[in-house]
Amino acid sequence: MNNKEKILQLRRNIYSQLSPIIGKKCILLDAPYYHNIGDVLIWTGEECFFKDNGIDCLYTASYETCEFPHISLDTTIVFNGGGNLGDIYHEHMEFLLQVIKKYPNNRIIVCPQTVYYESQTIFKEDFSQIAEHNDLYFCARDKHVYELIHEVLGDKTLLVPDMAFCIDKDILSLFIKPTVKNKLIIARNDVEKSSENNTNKDGDISDWPVIEHSFRRTTFLNKLFKRIADAKIPGITHVSNKIWNVYAPTFKKMMIKEGIEFISPYKEIETARLHGCILSILLDKSIILCDNSYGKNRNFYMTWLNDIDTLTLK
């Protein structure tokens, strides 16, 4: 199967499972107002999904800017997908638990997630609270996570591909550069970095550019907004967070541009970042996928990607 065929297959899977359960109004929470291009790709895919299915997204906020607006009972709460639910980035799970308590009677859909806990005690505590909500669907991003969550949530657990596969090709085409270079190696340099050295130095090596180079237009204002949010200054933080919500779509577009301009000039991509792989599929590249520290990339590959002609798992 080629890249284009795989994109179409996965997009159909997403639409067939999620379109019937979201409804025509939603709010999107835990939007990634931070400099991880992969999570911003997910956010962009979710917005494309809303547009394609005629869903009106009434409100978008991050875990830092959310003010828990009053919504009608027929409004679905969509919680951003990714790989941040667990005890590595526990602030996102803490936010989800807040959302569950604030909206006990609204449908909640957690978009496709990879869940990882080092502590089984914390896992049981968190998911016992999630299970208390009577109308929550949890989308697992791979079979391993599906089996883990299904034991707790039963039929409200869905196996769904990553939402970034919903990104419209017209968005991608805005920023594509000509293919003039041979190979890019995207090497993680964070807590998910694998202890194994899976890469050889036969190409240009870098993490996402907004991580490698911290002082950029795409990150400067967000760092300022985050400092004000963390400071919790009466009055000022509230106003700053509102401005942050307004600025976020501009930030999102700049991040997408960074990611596409980073990958598109290369013929082949070797990546330890899952969304380096997914964006490379969307851009029709040849890809070598390396695992992260806890098996996220391998599990996603084995669930969805092992029949792509242009992709190998290293």
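This is a short talk about two helix pairs and a handful of residues in one structure.

Hi everyone, thanks for coming. Before we start, please keep in mind that the model on the screen is a predicted one.

Let me begin with the helix packing. Helix 1, residues 3-22, packs with helix 2, residues 37-52, at an angle of about 65°, and the two axes are 11 Å apart. Because angles of 65 to 115 degrees count as roughly perpendicular, helix 1 and helix 2 get that description. The crossing of helix 1 past helix 2 is right-handed. Which residues of helix 1 and helix 2 make the contact? From helix 1 we have Ile14, Tyr15, Leu18, Ser19 and Ile22, and from helix 2 Cys48, Phe49 and Asp52. Sorted by character, the residues in this contact of helix 1 with helix 2 are six nonpolar, one polar and one charged.

Now the other pair. Helix 4, residues 120-130, meets helix 5, residues 143-153, at an angle of about 55°, and here the axes are 10 Å apart. Helix 4 and helix 5 are therefore classed as oblique to each other. Helix 4 also passes helix 5 in a right-handed crossing. On the helix 4 side, the contact uses Phe123, Phe127 and Ile130. On the helix 5 side, Leu148, Ile149, Val152 and Leu153 take part. How do the residues of this contact of helix 4 with helix 5 divide into nonpolar, polar and charged? There are seven nonpolar residues, no polar ones and no charged ones.

While we have helix 4 on the screen, have a look at Ser128, which sits in that helix. Ser128 is partly exposed, at 38% relative accessible area. A polar atom of the Ser128 side chain lies 2.8 Å from the backbone oxygen of Glu125. Ser128 and Val152 are 24 residues apart in sequence, and their C-alpha atoms are 7.7 Å apart in space. You may remember Val152 from the helix 5 side of the contact we just went through.

Next, a residue in helix 11, residues 296-305: that is where you will find Thr303. Is Thr303 buried or exposed? With a relative accessibility of 14%, Thr303 counts as buried, because the cut-off for buried is under 20%. The Thr303 side chain reaches the backbone nitrogen of Lys143 at 3.0 Å. Setting aside residues up to four places away in sequence, Thr303 touches Asp142, Lys143 and Leu159.

Let's move to the strands. Ile109 is in strand 5, residues 108-116. Ile109 is buried, with a relative accessible area of 0%. Which residues does Ile109 touch, not counting those up to four places away in sequence? Among them are Leu18, Ile21 and Ile22, and Leu18 and Ile22 also belong to the contact of helix 1 with helix 2. Ile109 also touches Thr76, Ile77, Val78 and Phe79, together with Tyr137 and Cys139. Cys139 is 30 residues from Ile109 along the chain, with the two C-alpha atoms separated by 7.5 Å.

Gly86 is in strand 4, residues 82-86, and is buried at 1% relative accessible area. Leaving aside neighbours within four places in sequence, Gly86 is in contact with Met93, Tyr116 and Tyr117. How far apart in space are Gly86 and His70? C-alpha to C-alpha they are 28 Å apart, with their positions 16 residues apart in sequence.

Finally, some loops. Between strand 2, residues 56-61, and strand 3, residues 76-79, the loop holds Thr75. Thr75 is buried, with a relative accessible area of 1%. The Thr75 side chain makes a polar contact of 2.9 Å with the side chain of Ser72. Beyond its neighbours within four places in sequence, Thr75 is in contact with Lys25, Cys26, Ile27, Leu58, Asn106 and Arg107.

The loop between strand 2 and strand 3 also contains Phe68. Phe68 has a phi near 50°, a positive value in a residue other than glycine. Asp284 has a positive phi as well, near 65°. Asp284 is located in the loop between helix 10, residues 274-282, and strand 11, residues 286-289. Its relative accessibility is 45%, so Asp284 counts as partly exposed.

That's the tour. Thanks for listening, and I'm happy to go back to any of these spots on the screen.

Conventions:
Residues numbered from 1 in each chain as written. Predicted model: local features only at pLDDT ≥ 70, side-chain atom pairs only at ≥ 80, totals over all residues. Heavy atoms only, no water. Helix = DSSP H or I, 4+ residues; strand = E, 2+ residues; numbered from the N terminus. Buried < 20%, exposed > 50% of the residue type's maximum accessible area, 1.4 Å probe, protein only. Polar contact = N/O pair within 3.5 Å; in protein donor to acceptor, adjacent residues only side chain to side chain. Contact = heavy atoms within 4.5 Å. Axes fitted to C-alpha atoms, helices over the stretch in contact; angles between N-to-C directions. Parallel < 35°, antiparallel > 145°, perpendicular 65-115°, else oblique. Left-handed = near helix turned anticlockwise from the far one by under 90°. Nonpolar A, V, L, I, M, F, W, Y, C, P; charged D, E, K, R; others polar.
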